[in-house]
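Visitor: I would like a close look at a single part of this chain, namely a place where two helices pack against each other. Please start there and then connect that part to the rest of the model.

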Amino acid sequence: MSKQEYRIESDTIGPVKIPKDALWGPQTERSRNNFPSGELMPLQIIRAFLHLKKAAAESNVEVGDEPKEKGAAIEDAIDHLLSLDDVDLRKDFPLHVLQTGSGTQSNMNVNEVVANLANKLHPGLNILPNDDVNRGQSSNDTFPTAMNIVAVKALDKLEPAVQHLIDELKIKQNKYWKTVKVGRTHLQDATPVTFGQEVSGYISALKHDLAYIKDLKPTLYELAIGGTAVGTGLNAVPGMTEKIAKKLSKVYGHDFKVKTNKFWGLAHHSGINVMHGALKTLAADMFKIAQDVRFLASGPRAGYDELNIPANEPGSSIMPGKVNPTQSEAVTMAAAKVFGNDTTITFAASQGNFEMNVFKTVMIAAFLDSCDVLTGTITGFADKMIHGLTVNSDRMDELLENSLMTVTALSPHIGYHAAAKIAQTADKEGTTLREAALKSGKVTEKQYDEWMDYMQMTNIDKTKPEE
């Protein structure tokens, strides 16, 4: 940078050249140059920090630890920043996830930007990043506080997406509750099931996943703010953190609490870890559902061909008329990302050395990524796959009629071994089960028709759709 393009500021290490019009200060600039790789710090984190800093400024004024005019100037600057759209906000917050694992540099990025903007808006107050904006705080308690806040908000977006998919699946469940098809276990033919019953299993899985998320979510309401550097609360004025929690609860609509063990809050991120375990479980169930749908729709001439999937886009650049299960593919790729993120988070959560975990930034970035890819792909799967899904009933009937495992219905009447021999004969001779059964002499035509009731085999009268 030429002299016309930069200004010089100093921190505790020495002078730093900073772009002339940048609102950030020397610590941000050092991080910007020292850690240039990987994704940028999610703006959700930045916005959470801004709300936290505003709540802290208000609370410090209320407990008499910050001059009123300084607190008001900090709040004014933060309100201005919060009003910006993501593109404009990003200009002042250029740091990457792969920085110091405590998130110190992003905390200081916020402190510096808020202080410099407050000084521009209110000249003469000399608001300082560390002494004023960061008053009564430490990166070690503010970053985990922001982590929990953004995790909760990300879950707030994911939950309706899961419920939306459940609602779409219920429509298919009810429509096809009595549509009988071949059941399959071990990728081999099994006894009959209705497609509605099959879908009810998907719905139940997702309802359980949603319940796991909602049950575990309150662990994220416990905030580390007030622990400051090592959990002791040094330099935090009594009463400040309780006020912060109340203000953040009002902003975000959740009952955040600060009455928690701060040594745990700084050194362990158990809430993030266990909560992501629920996301991994959801991803695993989504993988299974998406996999089932794309296999049942495989073909149409050389596969199962039991389901008809919507044609959302051309499936091939060379094969005309091809339709691919792209929404299923998106879901399964998203699940693969979540599985990887879970490994990252599990390892990162184990790295709390002494009084602090130093994998905070990568941990929350992975968590937010999982929420984002799940929310988007689940919504797309509901709207662009399940909504337009229909069954190929003729194909279902054909496969059911040719299935050998319906012989199970004969077993109570003629015995397991005799029934097995009938199935083996039909398979070996390439005949239908009916032909093999009548040929065996163990079953009459009337008995076969009476016992071989596909719908009755599903126990449809003893099962209920998911509500």
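Guide: In this predicted model, the residues Ile422, Ala423, Thr425, Ala426 and Glu429 of helix 16 are in contact with Leu433, Ala436, Ala437, Lys439 and Ser440 of helix 17. Sorted by class, the contact of helix 16 with helix 17 holds six nonpolar, two polar and two charged residues. Helix 16 covers residues 416-429 and helix 17 covers residues 433-440, and their axes come within 8 Å and cross at roughly 120 degrees. With angles of 65 to 115 degrees counted as roughly perpendicular and those over 145 as roughly antiparallel, helix 16 and helix 17 are therefore oblique to each other. The crossing in which helix 16 passes helix 17 is right-handed.

A second helix contact can be set beside this one. Helix 2 and helix 5 pack at an angle of about 60 degrees, and their axes are 10 Å apart; the two helices are therefore oblique to each other, and helix 2 passes helix 5 in a right-handed crossing. On the side of helix 2 the contact is made by Ile46, Phe49, Leu50 and Lys53, which meet Asn107, Val110, Asn111 and Val114 in helix 5. The residues of this contact divide into five nonpolar, two polar and one charged.

Phe49, one of the helix 2 residues in that contact, leads on to the aromatic rings. A search of the whole structure finds five aromatic pairs. In one of them, the ring centres of phenylalanine 49 and phenylalanine 143 are 5.8 Å apart and the planes stand at 55 degrees, so the pair is tilted, given that planes over 60 degrees apart would count as edge-to-face. The pair links distant parts of the chain, with phenylalanine 49 in helix 2 (residues 43-62) and phenylalanine 143 in helix 7 (residues 139-175), 94 residues apart.

Helix 7 also borders a loop of interest, since serine 138 lies between helix 6 (129-133) and helix 7. Serine 138 belongs to the positions that UniProt, in an unreviewed entry, lists under "binding site", among them also Ser102, Gly103, Thr104, Thr185 and Lys322. The listed positions span 223 residues in sequence and their farthest two C-alpha atoms are 57.3 Å apart, so they do not all gather at one spot. The unreviewed entry in UniProt also places the feature "active site" at His186 and Ser316. These span 131 residues in sequence, with C-alpha atoms 30.9 Å apart, so they do not gather at one spot either. Histidine 186 is found in the loop between strand 3 (180-185) and strand 4 (188-194).

Two details of the backbone, both in loops, deserve attention as well. Asparagine 126, placed in the loop between helix 5 (104-121) and helix 6, has a positive phi of about 55 degrees although it is not a glycine. The peptide bond from glycine 299 to proline 300 is cis, with omega near 10 degrees, and proline 300 lies in the loop between helix 11 (270-296) and strand 5 (307-308).

As a wider frame, UniProt lists residues 15-340 as "domain: Fumarate lyase N-terminal", again in an unreviewed entry. Over residues 15-340 the chain is 59% helix and 6% strand, and the end C-alpha atoms are 41 Å apart.

Definitions and conventions
Residues numbered from 1 in each chain as written. Predicted model: local features only at pLDDT ≥ 70, side-chain atom pairs only at ≥ 80, totals over all residues. Heavy atoms only, no water. UniProt positions renumbered as here; feature names shortened; annotations may be inferred. Helix = DSSP H or I, 4+ residues; strand = E, 2+ residues; numbered from the N terminus. Axes fitted to C-alpha atoms, helices over the stretch in contact; angles between N-to-C directions. Parallel < 35°, antiparallel > 145°, perpendicular 65-115°, else oblique. Left-handed = near helix turned anticlockwise from the far one by under 90°. Contact = heavy atoms within 4.5 Å. Nonpolar A, V, L, I, M, F, W, Y, C, P; charged D, E, K, R; others polar. Phe/Tyr/Trp six-rings, centres within 6.5 Å; stacked < 30°, edge-to-face > 60°.
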